[in-house]
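Let's take a walk through a protein model together. Have the sequence and the 3D view open, and try to find each spot as we get to it.

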Amino acid sequence: MVGHTVGCRLPGKKAGQSVRTAIHDFEGDQTYSEKRGHNCHAERDLRRDSSRGLRRLVLPGGRAPEYLRLDENVLGIIRHFAKEQKPIAAICHAAQLLAAAGVLKGRRVSA
């Protein structure tokens, strides 16, 4: 609507490959149930693709950060965005990625 182009880059996936997502649903219990979400399709291979040309970074929440925080390519992109003072949005558990990348010092975050 405002002219932004959004793309998805997935560690270990090549352009055109996808991963399943999950949706958490509260169905009256104290904890959530997990439902199958949509497929997220990679537009490029993250391992071969640098962060050059990207202006904003949105980090997903959920269980993904548990795995993504172990990927040095992901952490390198986060560090690049922090160093260049480019906008980073970290959804829910994605604060784990910011902590793993070591970019939280002197910043205020919520999770």
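Below we go through the core, the largest pocket, a buried arginine and two loop residues.

Keep in mind that this is a predicted model.

**The core**

Let's start on the inside. In soluble globular proteins, nonpolar side chains tend to be buried together. The largest nonpolar core here has 15 residues, and the ones that touch the most other members are L57, L59, V74, I78, L97 and V103. Where do those core residues come from? At least two residues each are supplied by strand β5 (57-59), helix α2 (72-83) and helix α3 (95-101). The biggest giver is α2, with six residues.

If you want one residue to click on, pick L97. Leaving out residues up to four places away in sequence, L97 touches L59, P65, L68, R69, V74, L75 and I78.

**The largest pocket**

Now for some open space. The largest pocket holds about 1,600 Å³. It is lined by 40 residues, and the closest to the pocket's centre are C8, R9, L10, V58 and P60. Which elements build the lining? β1, β2 (18-25), β3 (33-41), β5, α1 (64-68) and α2 each put in at least two residues, and β2 has the largest share, with five. Sorted by class, the lining has 21 nonpolar, nine polar and 10 charged residues.

**A buried arginine**

R9 deserves a second look, as one of the residues closest to the centre of that pocket. You'll find R9 in strand β1 (residues 9-10). Is R9 buried or exposed? Its relative accessible area is 18%, and the cut-off for buried is under 20%, so R9 counts as buried. The side chain of R9 has a partner too: a polar contact of 3.1 Å joins it to the side chain of E43.

**Two loop residues with a positive phi**

Most residues other than glycine have a negative phi. Q85 goes the other way, with a positive phi although it is not a glycine, and C92 has a positive phi too, again without being a glycine. Here they are side by side:

| Residue | Phi | Where | Relative accessible area |
|---|---|---|---|
| Q85 | about 55° | loop between α2 and β6 (88-90) | 71% |
| C92 | about 50° | loop between β6 and α3 | 47% |

How do they sit relative to the surface? With over 50% as the cut-off for exposed, Q85 at 71% is exposed, while C92 at 47% counts as partly exposed.

Key
Residues numbered from 1 in each chain as written. Predicted model: local features only at pLDDT ≥ 70, side-chain atom pairs only at ≥ 80, totals over all residues. Heavy atoms only, no water. Core = buried A, V, L, I, M, F, W, Y, C linked by side-chain atoms within 4.5 Å. Buried < 20%, exposed > 50% of the residue type's maximum accessible area, 1.4 Å probe, protein only. Helix = DSSP H or I, 4+ residues; strand = E, 2+ residues; numbered from the N terminus. Contact = heavy atoms within 4.5 Å. Polar contact = N/O pair within 3.5 Å; in protein donor to acceptor, adjacent residues only side chain to side chain. 1 Å grid on protein atoms, 1.4 Å probe; cavity = no way out; pocket = protein on both sides within 12 Å on 5 of 7 lines; lining within 4 Å. Points joined across faces, edges and corners; volume = space filled by probe spheres on them. Nonpolar A, V, L, I, M, F, W, Y, C, P; charged D, E, K, R; others polar.
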